[in-house]
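Please open the model in a viewer and keep the sequence panel visible. The tour below proceeds by selection, with a short account of what is found at each stop.

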Amino acid sequence: MLNRSKAALAAAVLALTLSNSAAALQAQESPWIHVEVIDSGDKAEKVNVNVPLALAQVALDALPEDITGKITSKFQEKGIKLADLRKLWAELKNSGDAEFVKVESEEETVRVSRAGQLIQVRVEDRKGDAPEQVRVDIPVDVVDALLSGEGEELNLRAAIQQLSGRRGDIVNVTDAKSKVASGSTLAARTRGPIPCSSVSCLASASSARRACSPRSR
Amino acid sequence: MLGFGIVCAAGLLAALSMTWVIVNVVDEDEDLHLWIPAPVLLAQVVAGIADPPEIHEKLPFEPKHLRAAAAAIRELENAGDSELVRVESKDETVVIRKSGARIEVEVDNRNERVRVHAPLRQVREFLENHPDEPLEPASLFRLARSLPSGPLVEVTEPGQYVSIRIW
């Protein structure tokens, strides 16, 4: 009888431990969006923003007109109709790996291509003394979801949903004022949360950065 | 005599069960040390009697933005502890992190050290419970009364220290 009670207790403890571990694992694996801006110019500033992707979904649910309206108006300003974009995408997405666009001039190179499941946009701007590089990697599924709306509206909600399954860089912008190491970098990527134990984060800024961001390096 | 004792004990019990805000100001240059404990309810009553127009000035937040803020706070409550924002420059470091049930804001520069400890649940519940009312300074008393014990704000400058704590 006693053994049976012990076994039941052990099973209950095991079940509780497993359920807690599963919850912890889920919290660890839930996607976050990380934005990192490094400006090594005169300001020498570093900015890191890390927020759960669910927060972006909440913002979209709460403020849909504000966000989608601004994006749509940007397209309209440039004379781009989403209906045309959808037709173009329907043709392109089944084409396999290919370079869709390449524009080369003395000052700028722009390339849009597909590599596997990614649409890659590469811009190299050599104008003036502050060359700029832009790298955008968008999964095909995300573009699909983004253009799955109707009329002149992008389906941001569906795109974010798709983004939640991705881990890695989305946007990377490098802007160097000279060939030396000074310049600014902006990167946005999805990944898990940056865990932060209260003890390690009370350490000095630089050591806390390392301690709190084991997965972001 | 017994009745007076009971009234005093009841009064003490009532005072202890209230939410108090404690303001602590230390100014070494002026050799000043102020320690002001006050029940939030008392401050609310005094403000209600004096009723200055300033406490009814509408704060510039639309209800839909407050609802979005409440939803965002709920997501943060569900998220694990994490560093949300870090801004490092030559002169200043600003860190915002989620730590347990609070958002901690730290600002450190050469002359100033600021710490803000904002409880998530109480702020979220306050926003959720008054979704369509215009927000005004007077309504913040309600929020203050619901806050848990602990430090809210600490500002340290050379020779000066100011803290606001809920008890």
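## Stop 1: a helix pair across the two chains

In this predicted model, begin by selecting helix 2 of chain A (residues 53–62) and helix 3 of chain B (residues 63–78), whose axes come within 9 Å and cross at roughly 160°. Since angles over 145 degrees count as roughly antiparallel, helix 2 of chain A and helix 3 of chain B are therefore roughly antiparallel to each other. The crossing of helix 2 of chain A with helix 3 of chain B is right-handed.

Next, display the side chains at this contact. From helix 2 of chain A, select Ala54(A), Leu55(A), Val58(A), Ala59(A) and Ala62(A); they meet Lys64(B), Arg67(B), Ala68(B), Ala71(B), Ala72(B) and Glu75(B) of helix 3 of chain B. Coloured by residue class, the residues of this contact divide into eight nonpolar, three charged and no polar.

Remain on helix 3 of chain B and select Asn78(B), which lies in that helix. Is Asn78(B) buried or exposed? Asn78(B) has 11 other C-beta atoms within 10 Å and is therefore exposed, the limit for that class being 12 or fewer. Add Ala101(B) to the selection: Asn78(B) and Ala101(B) are 23 residues apart in sequence, and their C-alpha atoms are 9.7 Å apart in space.

## Stop 2: strands shared between the chains

Select strand 1 (residues 32–39) and strand 2 (residues 45–52) of chain A. These strands pair in the antiparallel sense over eight bridges. Within this pairing, Glu36(A) has Asn48(A) of strand 2 as its bridge partner. The hairpin of strand 1 and strand 2 of chain A has five residues between the strands, and Ala44(A) takes a positive phi near 45° there. Most residues other than glycine have a negative phi.

Now extend the selection to strand 3 of chain B (residues 82–88). Which strand of chain A pairs with strand 3 of chain B? Strand 2 of chain A does, in the antiparallel sense and over four bridges. Centre the view on Asn48(A): its bridge partner in strand 3 of chain B is Arg86(B). Asn48(A) is thus a useful landmark, being the bridge partner of Glu36(A) and of Arg86(B).

## Stop 3: successive hairpins in chain A

Move along chain A to strand 3 (residues 98–104) and strand 4 (residues 108–115), which run antiparallel and are joined by six bridges. Glu104(A) stands opposite Thr109(A) in strand 4 of chain A. The connection between strand 3 and strand 4 of chain A is a hairpin through three residues.

Keep strand 4 of chain A selected and add strand 5 of chain A (residues 118–125). Eight bridges join strand 4 to strand 5, and the two run antiparallel. Arg114(A) stands opposite Ile119(A) in strand 5 of chain A. Two residues lie between the strands of this hairpin, where Gly116(A) takes a positive phi near 65°.

## Stop 4: strand 8 of chain B and its partners

Turn to chain B and select strand 8 (residues 160–166). Strand 1 of chain B (residues 20–27) runs antiparallel to strand 8 and is joined to it by seven bridges. Strand 7 of chain B (residues 150–157) also runs antiparallel to strand 8, with seven bridges. Centre on Gln160(B) in strand 8: Asp27(B) stands opposite Gln160(B), as does Glu157(B). Strand 7 and strand 8 of chain B form a hairpin with two residues between them, and Gly159(B) in the turn has a positive phi of about 80°.

From strand 1 of chain B, continue to Asp31(B), which lies in the loop between strand 1 and strand 2 (32–39) of chain B. Although Asp31(B) is not a glycine, its phi is positive, at about 50°. Asp31(B) counts as exposed because it has 7 C-beta neighbours inside 10 Å.

## Stop 5: the two chains as wholes

Finally, display each chain in full. Chain A has eight helices and eight strands, and 13% of its 217 residues count as buried. In chain A, residues 24 or more positions apart account for 41% of the contacts with a separation of 6 or more.

Chain B has five helices and eight strands, which run α-β-β-α-α-β-β-β-β-α-α-β-β from the N terminus on. Of the 167 residues of chain B, 11% count as buried. Residues 24 or more positions apart make up 49% of the contacts in chain B with a separation of 6 or more.

Methods. Residues numbered from 1 in each chain as written. Chains lettered and ligands numbered in written order. Predicted model: local features only at pLDDT ≥ 70, side-chain atom pairs only at ≥ 80, totals over all residues. Axes fitted to C-alpha atoms, helices over the stretch in contact; angles between N-to-C directions. Parallel < 35°, antiparallel > 145°, perpendicular 65-115°, else oblique. Left-handed = near helix turned anticlockwise from the far one by under 90°. Contact = placed C-beta atoms within 7 Å. Nonpolar A, V, L, I, M, F, W, Y, C, P; charged D, E, K, R; others polar. Pairing = 2+ DSSP bridges. Buried ≥ 20, exposed ≤ 12 C-beta atoms within 10 Å, placed from the backbone.
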